[in-house]
Amino acid sequence: MITLEYIRKFAEKQKTAFIGSVDGEGFPNIKAVFTPRKIEGNSFYFSTNTSSVRTGQYLKNPKASLYFYNRGRFRYEAIMLVGTMEVLQDAGIKEEIWQSGDTMYYKEGVTDPDYCVLKFTAVRGRRYCSLKSEDFSL
């Protein structure tokens, strides 16, 4: 059985995550991102640009997916989550997940208007490992 703790530990070991959004024509869009800055229960927090295409898509349609994988030498494991994505502008969460190197992307610092936080909240998922798949609810 997949638990939130298992998902958190698995996600924290990865260097890359993939987020999915829905464009204006209803097509899925996938993007590689850095792993979440914060994981709390079934919610995952990412930093991004307010002006990004993905942010605009989430504001119009919050349906989203999140995918983590580990490709080992002899074993492949992946966890796909589906849920909703919120675009947060709250100063508290922006400060909480801010990292010193972020000024490379947001020149005005934590108050840069082009800096926001994406909060993904998972409702269910699917795990693949060792030629087996397992659906689960959260």
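Biologist: How many salt bridges does the structure hold?
Modeller: Keep in mind that this is a predicted model. Side chains of opposite charge can pair when their charged atoms come close. Counted through the structure, the salt bridges come to ten.

Biologist: Which residues are linked with Arg 8 and Glu 12 in a network of salt bridges?
Modeller: Let's start with the pair you named: the side chains of Glu 12 and Arg 8 meet in a salt bridge, at 2.7 Å from N to O. The network takes in that pair and two further names, Glu 5 and Lys 9.

Biologist: Why are Glu 12 and Arg 8 separated by about one helical turn?
Modeller: Both residues sit in helix H1, which covers residues 4-13. The separation is about one helical turn because Glu 12 and Arg 8 are four residues apart in that helix.

Biologist: Is Glu 12 buried, partly exposed or exposed?
Modeller: Buried stops under 20% and exposed begins over 50%, with partly exposed in between. Its partner Arg 8, at 23% relative accessibility, counts as partly exposed. Glu 12 has a relative accessible area of 48%, so the label is partly exposed.

Biologist: How far apart along the chain are Arg 127 and Glu 77?
Modeller: Their side chains meet in a salt bridge, 2.8 Å from N to O. The pair links distant parts of the chain, with Arg 127 in strand E7 (residues 115-129) and Glu 77 in strand E6 (residues 76-88). Counted along the chain, the two are apart by 50 residues.

Biologist: Is Arg 127 buried or exposed?
Modeller: Glu 77, its partner, is buried, with a relative accessible area of 6%. Arg 127 comes in at 16% relative accessibility, so that residue counts as buried.

Biologist: What about the salt bridge of Arg 126 and Asp 135: is Asp 135 buried or exposed?
Modeller: Those two side chains meet at 2.7 Å, N to O. Arg 126 has 37% relative accessibility and counts as partly exposed. For Asp 135 the value is 56%, and the cut-off for exposed is over 50%. That makes Asp 135 exposed.

Biologist: Now the cysteines. How many disulfides does a search of the whole structure find?
Modeller: A disulfide is a covalent bond between the sulfur atoms of two cysteines. Cys 116 is buried, with a relative accessible area of 0%. Cys 129 is buried too, at 8%. As for disulfides, the search of the whole structure finds zero.

Methods. Residues are numbered from 1 along each chain as its sequence is written. This is a predicted model: local features need pLDDT of at least 70, side-chain atom pairs count only at pLDDT 80 or more; totals for chains, interfaces and linings use all residues. Side-chain values use heavy atoms; hydrogens and water are left out. A disulfide is a pair of cysteine sulfur atoms within 2.5 Å. Buried means under 20% relative accessible area, exposed over 50%, partly exposed in between (1.4 Å probe, protein chains only). A salt bridge is a side-chain nitrogen of Lys or Arg within 4 Å of a carboxyl oxygen of Asp or Glu.
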